[in-house]
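Here is a walk through one protein chain for a reader who is meeting it for the first time. The explanation begins with a term, turns to the chain as a whole, and then follows its sheets and a few chosen residues.

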Amino acid sequence: MKKIYFLLFLVTFQLTYSQDITFTGDITVTTQAEIDALAEQYTHITGRLDILGGGGDISDLSKFSNLKDLGRRLLIQDCPLITDLTGFGALETIGSLDANEELVVRRMDGLTTLNGLQALTSVGRRVGIRQNSVLTTLEGLNNLVSIGENKINIGDAACGGDAAMSNPLLADFCALQGLVSAVGVAALEAGGSCIDNATAFNPSFTDISIGTCSSVFTGDITVATQAEVDAIPIQYTHITGRLNILAGDISDLSKFSNLRDIGRRLLIQDSPNITDMTGFSSLEAIGSLDANEELVVRRMDGLTTLNG
């Protein structure tokens, strides 16, 4: 019986450790065929992993689904067919303190989320997320709590306000709350970190620490006075529910000047001091097909035009 238990233990041990496959050196891929041709699903890469699409056909990152750590850099760029990073679901660490030990995601024109990086807790030197034209959320970085140089740059890495470096649709930074809590605002700023996204919503690390981390309002907003409009904490870019502007002394709608879409209804009524709709100059969409997804403007006795 003892011999059987020993054999079972040995088989289990061998199965567990035979799954650890290390690639020594760097891997660079530029096509899906090159990814598919990798000999193994490596658990460790001692050097860099550079995924350089060049605008090509890379769409499936599942070859990296067993990868647990990278010795140096993870660079992902110019892969327009990739919409998320679910192929990296096992990745826990990227490098230690070295000039090239970093996470860089840039020029990914199909990427809407960083979802898939939830296992990542540590990056050796720095993180850069920039020039991703449709990225809306940093979801995926939720468990990142350590960066060697305390340096993370969202947008312009030089913190110089270069709009060409920004992620123009990025609205949700809440995934950084764990990092800000673990490292601290002062340490991040001293390390050269910044959010310089050249967009309507560009929170500071202090904002993120207190929960002002998303320009998406979940639910309905109803206002009946100018004071209630002015008291809205930020200029939201998205409202998932209804926006009801009802009566009172409301005359200034500029609080909504960054609003791009409303999930359901926009209702504006009984506000005689409003003469036009210039406060909604960024509004592109109101809902989809639903009984309550509509635009209603009524009983507006001062309104002369829908301009705006």
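Helices and strands are here DSSP runs, of at least four residues for a helix and at least two for a strand, and they are numbered from the N terminus. With that numbering in hand, Arg 48 can be placed in the loop between β3, residues 44-45, and β4, residues 49-52. The model in view is a predicted one, and every position described below should be read with that in mind.

Taken as a whole, the chain holds six helices and 21 strands, and its C-alpha trace spans about 90 × 45 × 40 Å along the principal axes. Of the 308 residues in the chain, 42% are buried, while the accessible surface comes to about 14,000 Å², with 51% of that area belonging to carbon and sulfur atoms. Contacts that reach across the sequence can be described too: among those between residues at least 6 apart, 62% join residues at least 24 apart. As for charge, the chain carries 20 positive and 37 negative side chains, and the centres of these two sets lie 7 Å apart.

The sheets come next, and one general point helps in reading them. Strands of a sheet pair through backbone hydrogen bonds, in either a parallel or an antiparallel way.

One open sheet has seven strands in the order β2-β4-β6-β8-β10-β12-β13, and its pairing is parallel. At its edges stand β2, residues 27-29, and β13, residues 194-196, each of which pairs on one side only. From one strand to the next, the twist in this sheet averages 5°.

Within this sheet, β8 is a useful place to pause. Four of the five residues of β8, which covers residues 102-106, are buried, so this strand is largely enclosed by the rest of the structure. On one pairing, β6, residues 74-77, joins β8 in the parallel sense over four bridges, and Leu 75 stands opposite Val 104 there. On another, β8 pairs with β10, residues 126-130, again in the parallel sense and over five bridges, with Arg 106 standing opposite Arg 130. Further along the order, three bridges join β12, residues 151-155, to β13, the two strands running parallel, and Gly 155 stands opposite Asp 196 in β13.

A second sheet is also open, and its four strands follow the order β15-β17-β19-β21 with parallel pairing. Because β15, residues 221-223, and β21, residues 295-298, stand at the edges with a single partner strand each, one side of each is left without a neighbour in the sheet. Here the twist averages 5° from one strand to the next.

The pairings of β19 can be followed in some detail. Four bridges join β17, residues 243-246, to β19, residues 266-269, and the two run parallel; in this pairing Leu 243 stands opposite Leu 266. β19 also pairs with β21 in the parallel sense, over four bridges, and the bridge partner of Gln 269 in β21 is Arg 298. Leu 266 and Ile 268 point one way from β19, whereas Leu 267 and Gln 269 point the other way, and all of them are buried.

Two loop residues complete the tour. Is Arg 48 buried or exposed? Its relative accessibility is 18%, and because buried means under 20%, Arg 48 counts as buried. Leaving aside neighbours within four places in sequence, Arg 48 is in contact with Gly 25, Asp 26, Ile 27, Arg 72, Arg 73 and Asn 100.

Thr 275, by contrast, lies in the loop between β19 and β20, residues 285-286. With a relative accessible area of 41%, Thr 275 is partly exposed, because that value falls between the 20% limit for buried residues and the 50% limit for exposed ones. Apart from neighbours within four places in sequence, the contacts of Thr 275 are with Gly 302, Leu 303, Thr 304 and Thr 305. How far does Thr 275 lie from Ser 96, and what separates them in sequence? Thr 275 and Ser 96 are 179 residues apart in sequence and 59 Å apart in space, taken from C-alpha to C-alpha.

Conventions: Residues are numbered from 1 along each chain as its sequence is written. This is a predicted model: local features need pLDDT of at least 70, side-chain atom pairs count only at pLDDT 80 or more; totals for chains, interfaces and linings use all residues. Side-chain values use heavy atoms; hydrogens and water are left out. Buried means under 20% relative accessible area, exposed over 50%, partly exposed in between (1.4 Å probe, protein chains only). Contact means heavy atoms within 4.5 Å. Accessible areas come from the Shrake-Rupley method with a 1.4 Å probe; for residues, only the protein chains shown count as cover. Lys and Arg count as positive and Asp and Glu as negative; His and the chain ends are not counted. The place of a charge is taken as NZ of Lys, CZ of Arg, CG of Asp or CD of Glu. Two strands pair if DSSP finds at least two bridges between them. Axes are lines fitted to C-alpha atoms, for helices over the stretch in contact, and angles run from 0 to 180 degrees between N-to-C directions.
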